[in-house]
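Q: Could you take me through this structure, beginning with the ligand?
A: Certainly; please have a look at it first.

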Amino acid sequence: MTTLEAPVTSDVATLTIDGQTWELPIIEGSEGERAIDVSTLRGDTGLITLDLGYANTGSTLSDITFIDGEAGILRYRGYPIEELAEHSSFLETAYLLLYGDLPTKDQLNYFEERITNHTLLHEDIRHMYRAFPLAAHPMAVSAAVVGALSTFYPDSVDPLDREQVEISTYRLIAKLPTICAVAFKYAMGHPFNYPRNDLSYAENMLYMMFGLPTEEYEVNDTFTRAVETLLILHADHEQNCSTSTMRMVGSSRANIYASASAAIMALWGPLHGGANQAVIEMLHDIAENEGSARVFMDKAKDSNDTTRLMGFGHRVYKNFDPRARILKDHAHKVMDQLGESGRLLEIAMELEELALNDDYFVARQLYPNVDFYSGIIYESLGIPTNGFTPFFALGRMPGWLAHWREHHFDPRNKLNRPRQIYTGETLRSYVPIGERGG
Ligand code: ACO
């Protein structure tokens, strides 16, 4: 369980405004990250801080995930992502994120049992899918269905009741694969598959997406491990856009289903989770139209062109994203298993090689991020392009929930409400429409 100690140091930052001086405490995290605590700044000085995009702003203290973007380090609850990707399962990693420590065998069995008990959807939820156009993006459908869970489980929407939060936690992790798979099957015109509780989390997801009543479903270990690894790598990434959304919405005491629905919507954007779809579209574009990675690179570097090398660059990583290294290896394994030449993988590696030796990308510290190789794996498994980001959402759900719980279980947290510097018109009087010029 979280401790969330406020780590004040003996150092202070001194701020001088109009000849008057204030001292601001400096706090230090367990990995030596330092921050100036400005919590009392407005009360003391009447001034606020301005930080577009929050690039220098810590919104919370958190015990969950540590990132050192300069060194390319990612750890969940102290465990390196490389070790978890190699040895852990997705549900074990979810337990770690939620409760702070790796589970014992009994704890893991209990947790897995709780999750598999909640994989079914209320039968009436299926009617919702018919209200959407066939071409609806599964992120929009999934966010709507996740939000609607609050109407099916009104007995467990109190954010301050730990038992209700616990059961909602199980439900969200358990039901999201079913919710996304039904959206996928509906768009394909295929019959829906009920979840199979004898399969692992990743196997069940693949079965629900690809199983057909007319034939036996065969589990493929390489594919399952690739998906399991993708889910583990995506499980948390501290205060990213969707997790901050989860905390922001939850801070109003909106229920956990409403908060998760908003987080799914935030993840959808192409500058965040939607980048995995954008990467594969870019690779196809290069393969089919441009014919050359270099032409595309030149467009990405041109300040008069809005093209970006998708899957490159990260707000926090200024070095190789450690998740991209792991996924590159799995992309090769999946290709070997399929016995395919992997044209898209070749283009991706060519782009990576060009970028890592190009002054533009080197100077801006732009390296492959987690989405650069994930889309290649998804596509190789037969997942349609608009199904990539829902997989990201499945992976991120335990992280969202861990952060939401951390926020609610820490009495120091309050409504998240940033301020602004107003730059619009100053006071003016209403002019009747007939008297306005132009
Ligand atoms: N291709 C080309 N140029 C880029 C790229 C890119 N992928 N990313 C950043 N740059 C350039 C910018 O044009 C800017 O150049 P300038 O200084 O000459 O103006 C400079 O690098 C800094 O870019 P910012 O946008 O200020 O950096 P920021 O930290 O805000 O952006 C982001 C990070 C949004 C991820 C960006 O790198 C990007 O758009 N990447 C492509 C989309 C992507 O892959 N998103 C997934 C991120 S991972 C995730 O969310 C799971």
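**Ligand and helix contacts**

Q: Which ligand atom does the backbone of Phe312 approach?
A: A backbone N or O atom of Phe312 is 2.9 Å from a nitrogen atom of the ligand, a polar contact being a pair of N or O atoms within 3.5 Å. This is a predicted model, in which local features need pLDDT of at least 70, side-chain atom pairs count only at pLDDT 80 or more, and totals for chains, interfaces and linings use all residues. Residues are numbered from 1 along each chain as its sequence is written, and side-chain values use heavy atoms, leaving out hydrogens and water.

Q: What about Arg308?
A: One of its polar side-chain atoms lies 2.7 Å from an oxygen atom of the ligand.

Q: And Leu271?
A: A polar backbone atom of Leu271 is 3.3 Å from a nitrogen atom of the ligand.

Q: How much of the ligand does the protein bury?
A: The protein buries 72% of the 920 Å² that the ligand exposes when taken alone (Shrake-Rupley method, 1.4 Å probe).

Q: Switching topic, how do H6 and H11 run relative to each other?
A: Helix H6 (residues 138-152) and helix H11 (residues 256-267) have axes that come within 7 Å and cross at roughly 170 degrees; helices here are DSSP runs of H or I with at least four residues, and axes are lines fitted to C-alpha atoms over the stretch in contact, with angles from 0 to 180 degrees between N-to-C directions. H6 is therefore roughly antiparallel to H11 (an angle over 145 degrees).

Conventions: A polar contact is a pair of N or O atoms within 3.5 Å; within protein, one must be able to donate a hydrogen and the other to accept it, and residues adjacent in sequence count only if both atoms are side-chain atoms. Helices (H or I, at least four residues) and strands (E, at least two) are DSSP runs, numbered from the N terminus. Angles under 35 degrees count as roughly parallel, over 145 as roughly antiparallel, 65 to 115 as roughly perpendicular and the rest as oblique.
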